[in-house]
Amino acid sequence: MMARHPMAANIALNDLDRRIVNVLQEGFPLVAAPFAAVAAKIDIPESQLIARLQRMTDTGVVTRFGPFLDAAAMGGAFCLCAVAAPADRFEEIAGIVDGFPQVAHNYEREHALNMWFVLATESPEEIDSTALRIEQATGLAVLRFPKLEEFFIGFRVAA
Amino acid sequence: MSGLDSIDRSIIEATQAGLAMTPRPYAEIARSVGIGEADVILRLGRLMQRGVIRRIAIAPNHYALGLTANGMTVWDIEDEVASEVGREVGALPFVTHCYLRPRALPSWPYNLFAMVHGTTRDEVEAKRREIALLAGPACRACDILYSKRILKKTGLRLSANGG
């Protein structure tokens, strides 16, 4: 579940894989046989679509497949956080941070603040309590950067 | 949790590890929740209309797509014009996420965050210069934080007992 994907994954994607990624980033239909509907759109057999998607999931090309929840719409909250992990404790700190179920994703970045993660919780209060527990568990200050305003254009990238 | 009944919650929980890669994925959810397939589809549609579910889709690993240069560009923009600059930066086609956030002074003076992806760092740097041109003199300082590794990526999860 917590596979660490290398940044430069050397996974060969063919044109069909890229078409599948582009189509499935847009959305997955809410019909009884959704794979058949998508497969018809890109003109391949349903079984081939499922097999390709399974392979891309197994190899880490696709990191999630399913509903993307809006925490705020459910009364919850998101918060971007950062810590400055000392180099000799980096893996230990990453293990502690990743172990919190409220940590939705976590990236290593090149900066004094070298670990950036997003907390996703079911209540705004849980953001602060979780950040405090991470501070206690790591001994590091957790800087919090909640969004004040979002300039939303979508998450899609061209595959 | 506001406005979600126990069936909605069970449906969401049943999808947290991902949809089944079988011809009838919603029937799989229906089986585990104990309702009909059509009900699952209806309820998921309502949750999307309400915005609880943003979309049902895949999230690709950018790096596996060859977008190996991933830079979080950060900007110290004068407060008076920060929203306006944010809207313009967010509208650039190569910016995938753009947010206004509080500064953490004194160590962190930046209030505008814009995520930029590219196949090389040169490409990301060129995009960063485009943002700098847009921001103009309202920008007092900037930096870029390249990502080295994904340490975790699971998305939002619901706890089993709810809230």
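Me: What separates the centres of domain 1 of chain A and domain 2 of chain A?
Reply: In this predicted model, the two centres, taken over C-alpha atoms, are 34 Å apart. Domain 1 of chain A covers residues 15-58 and domain 2 covers 72-145. These bounds come from an automatic or database domain assignment.

Me: How is chain B divided?
Reply: Chain B has domain 1 at 6-49 and domain 2 at 62-146. Their centres, again over C-alpha atoms, lie 38 Å apart.

Me: What makes Arg54(B) and Glu150(A) a salt bridge?
Reply: The limit for such a nitrogen-to-oxygen distance is 4 Å. Between the side chains of Arg54(B) and Glu150(A) the distance from N to O is 3.7 Å. Arg supplies the nitrogen and Glu the carboxyl oxygen, and 3.7 Å is within 4 Å, so the pair is called a salt bridge. Between chain A and chain B the count is 7 salt bridges.

Me: Which strand gives the largest share of the side of chain A that touches chain B?
Reply: Strand β1 of chain A, residues 62-69, gives the largest share, with 8 residues. By residue type, that side of chain A has 52 nonpolar, 14 polar and 16 charged residues.

Me: How many residues of each chain are in contact, and what area is buried between chain A and chain B?
Reply: In chain A 82 residues are in contact with 82 residues of chain B. The buried area is about 7700 Å², and carbon and sulfur atoms give 61% of that area. There are also 33 residue pairs in polar contact between the chains, both residues at pLDDT 80 or more.

Me: How do you know that strand β3 of chain A pairs with strand β5 of chain B?
Reply: Pairing requires at least two bridges. Strand β3 of chain A (residues 103-109) and strand β5 of chain B (residues 139-153) have 5 bridges, so they count as a pair. The two strands run antiparallel. Glu108(A) stands opposite Arg149(B) in β5(B).

Me: What about strand β2 and strand β4 of chain A?
Reply: The test is the one used above, at least two bridges. Strand β2 (residues 77-83) and strand β4 (residues 115-121) of chain A are joined by 7 bridges, so they pair, and they run antiparallel. Phe78(A) stands opposite Ala120(A) in β4(A).

Me: What is the order of the strands in the open sheet?
Reply: The sheet has 9 strands with antiparallel pairing, in the order β5(A)-β2(A)-β4(A)-β3(A)-β5(B)-β2(B)-β4(B)-β3(B)-β6(A).

Me: Why are β5 and β6 of chain A each left with one side without a neighbour in the sheet?
Reply: β5 (143-145) and β6 (149-150) of chain A stand at the edges and each has a single partner strand, so one side of each has no neighbour in the sheet.

Key. Residues numbered from 1 in each chain as written. Chains lettered and ligands numbered in written order. Predicted model: local features only at pLDDT ≥ 70, side-chain atom pairs only at ≥ 80, totals over all residues. Heavy atoms only, no water. Contact = heavy atoms within 4.5 Å. Buried area = accessible area lost by both parts, 1.4 Å probe. Polar contact = N/O pair within 3.5 Å; in protein donor to acceptor, adjacent residues only side chain to side chain. Helix = DSSP H or I, 4+ residues; strand = E, 2+ residues; numbered from the N terminus. Nonpolar A, V, L, I, M, F, W, Y, C, P; charged D, E, K, R; others polar.
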